[in-house]
Amino acid sequence: MRQLAWGIALLALTGAAHAKPRFAATITRTSHGIPHIKAADWGGAGYGVGYAYAEDNLCLMAEEFATVAGMRSLYFGAKNKAVLGFQEIDNLSSDVFFRSQIDLPALRKRWAARPAKERALLAGYLAGYNRRLREVGAAAPEACRGKPWLKPITPDDMLRVAQKQLLLASSLALAPYIVNAAPPGKAVSAALPPLADPQERSFGSNGWAFGGEATANGRGLVIGNPHFPWNGPARFWQMHITIPGEIDVMGVGLAGTPLVTLGFNKDIAWTHTVTAAQHFTVFELPLVPGDPTRYLVDGKPVAMEARAITVPTEAGPVTRTVYHSQYGAVLTIPLLGLGWTGERAFAMRDANADNDRILAAWMGIGKARNVAEVKAAVTSTLGIPWVNTIAADRAGQALHADVTPVPNVSGEKIKACATPRSASVASRFVLLDGGRSACDWDQAPGTPRPGLMPAADQAIWERRDYLVNSNDSYWLSNARAPYKQLSPILGAWGSERTLRTRSGLIETEARLAGADGLGGAKIDNAIATQMVFANKSLAAQLALKGTLAACAGDAAVAAPCAALARWDGRFDVESRGAALFLAYWPLVEKLPGLWGTRFDPADPVNTPRDFQSGGDMAPKLRAALAKAAEQLTKQGIALDARWGEVHFALRGAERIPVHGGSGALGVLNVQQARPEAGGLVPFHGSSYIQVVSFDEAGPVADAVLSYSQSTDPASAFYADQTRLYSAKKWVRLPFTAAAIKADARGKARVISE
């Protein structure tokens, strides 16, 4: 009854009492299935988005609603796997996590206090999705036809999906360690996975903002190259939303997102990259002797909250207990020395747990007329959850705002509140003494929630040449002007950059010097599209020549040596030998003494360098090359195979060659792949790639969605853009009414209810 009342209240604010339709939208599809949604109000816009998204990805979205409701064990089997964020987890653990960590009463209360346009947007999405579900009926796509989890959604489903997206870089990443935390003597799952190292940033994204000093026409230009999963709810989906007089924005969003979260309007373009800043801290809790479920704060005992979570499964209900402290969820990570013992336990506090400002932030960006207004939207809301914002405008201003909901913890506090275990985990997260209330987050005036770091204390760049980020910290977004040192919680300062970060800076500086062979010394759309798909490997540029010197003349490695000698050093579909180098590099990249010139903070773009291939290093390199060749041979892959024969996307029986490679090799166009079907199939990497500049009339946008719009094999938009991506072709996106009309595929549809 409470849920029904909540749903009625949410829908009522869209005007249900009036004779006119509660929701109405016009949907025009252009090339490659891109929907252009026009509505008179925010409810109508959400309605059009929800309907069009369900046309393309109904089964994917239905499964996502089941996931966030904690129903995977019942529908898909408790022992089977779910993709939670960027990692796999068993369905039972996934269900326990969502049922224990999403506080629906609190979400409803916060949501009820949000502006009417935000509530209308989600209410419209809900109605649009449910309308499409009613229309397809028994003719739903094969993947979910007749399944019990394909059913109408409620406002609670929308709130759960929104909350999940907020937690991707914090609680969600630690889900296995939260749901398996138990006091000493209680059973703990033996299947705890190794914790991913946040310093390993071969995953992630690239973003460039070029100001008027760097562009051919003196206006801004943005390259967006987010690296995200190719499968599951974290896939991007293209859309264009117009509410006359209110907003006109085009780009992409994730599953369940009712608004463009990365894209452009007539005056600005923006992209996002996952930030190196941390959005939670872990607190060490000194326990009351003899009672591992009570801890001491300032010498006073505090009882943990034990939450009994019951999950329906195909074999009957299963109950697990999850523990909470005043800071947040209790967790255990024994491999890092953070096990729950009789003396201590550990808990996390998440800065995004009560972030209800995400739609306000993206609405503000989508309506911005210049980067100053983008900056204002990001800094005033502190609502962008875990990504950098990189933008440029038609006036030629460029912005990089590494501003997110970050714990307000200074470097001094981190030192003063350290425990004996803090240093060992410092590269992963901040560990503070939870036994002292003074070690909780500092409160600063003007922030939307107590304990958040003010935007003024985070990193904000504004320039007219360029800004670039490839998931390293704020320190080096421009090779010519390192940023001042800030709190360690915002990321490492003065430290070695990844090969991908270095490659982005090297290629940018070469472009502006006219030294990349592309002509001139400025950038425009044509040059930008070549840059982003150049598929160069910085690791190869640094190490290939030395490797060939080390293997020359050795009969034992003659075949792999010859294969590498013929390789062009790129990961294009026609490149031969790329697969061999991909297998070889992980075997050598961490060898002691590999670089003659070590990392130098005064020259971070060009160090370390001077690959060592003589003396004692030579036999090590030959051994690694032999091992890499053996690995490929066992996999049935020729040493000089074309990269596109080895590396491909599966679309039914079709194998579509895919260019790009591992970011760990300094490839900007990242594609992470796993062995499948006798080759390597991408599962994470370049997704929605956009190049946006401006002319006198508005945006000039070239884009491609690498995995295509739809997850339904029966759709015309299941593989079309994947083929374009394979051929390095782009789509000039229609933005104006005239361009949309000229590119329309079929008649515009008006939907209402």
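The dialogue below works through several features of a predicted model, from its sheet to its loops.

Me: Where should I begin with the sheet, and in what order do its strands lie?

Reply: Strands of a sheet pair through backbone hydrogen bonds, either parallel or antiparallel. In this model 10 strands make up an open sheet with mixed pairing, and their order is β21-β19-β18-β10-β9-β8-β7-β2-β1-β32. The edges are taken by β21 (459-463) and β32 (749-752), each of which has a single partner strand, so one side of each is left without a neighbour in the sheet. From one strand to the next, the twist averages 20°.

Me: How many bridges join β8 to β9, and in which sense do these strands run?

Reply: Strand β8 (residues 247-253) and strand β9 (residues 262-264) run antiparallel and are joined by three bridges; within this part of the sheet, methionine 250 stands opposite phenylalanine 264 of β9. Continuing to β10, a hairpin of three residues makes the connection from β9, and the two strands, again antiparallel, are joined by two bridges. Phenylalanine 264 has alanine 269 as its bridge partner in β10. On the way to β18, β10 pairs over seven bridges in the antiparallel sense, and there threonine 273 stands opposite asparagine 388 of β18.

Me: Which residues lie on each side of β10, and are they buried or exposed?

Reply: In a regular strand the side chains alternate between the two faces of the sheet. In β10, one side carries Ile268, Trp270, His272 and Val274 while the other carries Ala269, Thr271 and Thr273, and all of these are buried, leaving both faces covered. Counted over the strand, seven of its seven residues are buried.

Me: Which helix lies across β10, β18, β19 and β21, and at what angle does it run to β18?

Reply: That is helix α10 (residues 371-381), which runs at about 160° to β18 as it lies across those strands, β19 being residues 398-402.

Me: How should I read the crossing of α6 with α9, and which residues make the contact?

Reply: The axes of helix α6 (residues 116-136) and helix α9 (residues 358-367) come within 10 Å and cross at roughly 95°, and the two helices are therefore roughly perpendicular to each other. From α6 the contact draws on Lys117, Glu118, Leu121 and Leu122, and from α9 on Leu359, Ala360, Met363 and Lys367. Sorted by class, this contact has five nonpolar and three charged residues, with no polar ones.

Me: What does the same reading give for α13 and α15?

Reply: Helix α13 (residues 499-512) and helix α15 (residues 538-551) have axes that come within 8 Å and cross at roughly 95°, which makes α13 roughly perpendicular to α15. On the α13 side the contact is made by Leu499, Arg502, Ser503, Ile506 and Glu507, and on the α15 side by Leu538, Ala539, Gln541 and Leu542. Its residues divide into five nonpolar, two polar and two charged.

Me: How many residues of α4 are buried?

Reply: Helix α4 (residues 91-101) is mostly covered, with 10 of its 11 residues buried; among them are Asp95, Phe97, Phe98 and Gln101.

Me: Is asparagine 206 buried or exposed, and what does its side chain contact?

Reply: Asparagine 206 belongs to strand β5 (residues 205-210), and with 0% relative accessibility it counts as buried. Its side chain is joined to that of histidine 227 by a polar contact of 3.4 Å, and a polar atom of the asparagine 206 side chain lies 2.6 Å from the backbone oxygen of leucine 668. Residues that asparagine 206 touches include Thr273, Asn469, Ser470 and Arg500.

Me: Which backbone angles in the loops deserve a second look?

Reply: Most residues other than glycine have a negative phi, and most peptide bonds are trans. Aspartate 298, in the loop between β12 (291-297) and β13 (300-303), has a positive phi near 55°, and at 48% relative accessibility it counts as partly exposed. Serine 708 also has a positive phi, near 80°; this residue is found in the loop between β30 (699-705) and α20 (720-726) and, at 0% relative accessibility, counts as buried. As for the peptide bonds, the one joining threonine 607 and proline 608 is cis, with omega about 0°, and proline 608 lies in the loop between β23 (595-597) and β24 (609-611).

Notes
Residues are numbered from 1 along each chain as its sequence is written. This is a predicted model: local features need pLDDT of at least 70, side-chain atom pairs count only at pLDDT 80 or more; totals for chains, interfaces and linings use all residues. Side-chain values use heavy atoms; hydrogens and water are left out. Axes are lines fitted to C-alpha atoms, for helices over the stretch in contact, and angles run from 0 to 180 degrees between N-to-C directions. Helices (H or I, at least four residues) and strands (E, at least two) are DSSP runs, numbered from the N terminus. Angles under 35 degrees count as roughly parallel, over 145 as roughly antiparallel, 65 to 115 as roughly perpendicular and the rest as oblique. Contact means heavy atoms within 4.5 Å. Ala, Val, Leu, Ile, Met, Phe, Trp, Tyr, Cys and Pro count as nonpolar, Asp, Glu, Lys and Arg as charged, and the others, Gly among them, as polar. Two strands pair if DSSP finds at least two bridges between them. Buried means under 20% relative accessible area, exposed over 50%, partly exposed in between (1.4 Å probe, protein chains only). A polar contact is a pair of N or O atoms within 3.5 Å; within protein, one must be able to donate a hydrogen and the other to accept it, and residues adjacent in sequence count only if both atoms are side-chain atoms. Lists of a residue's contacts leave out its neighbours within four places in sequence.
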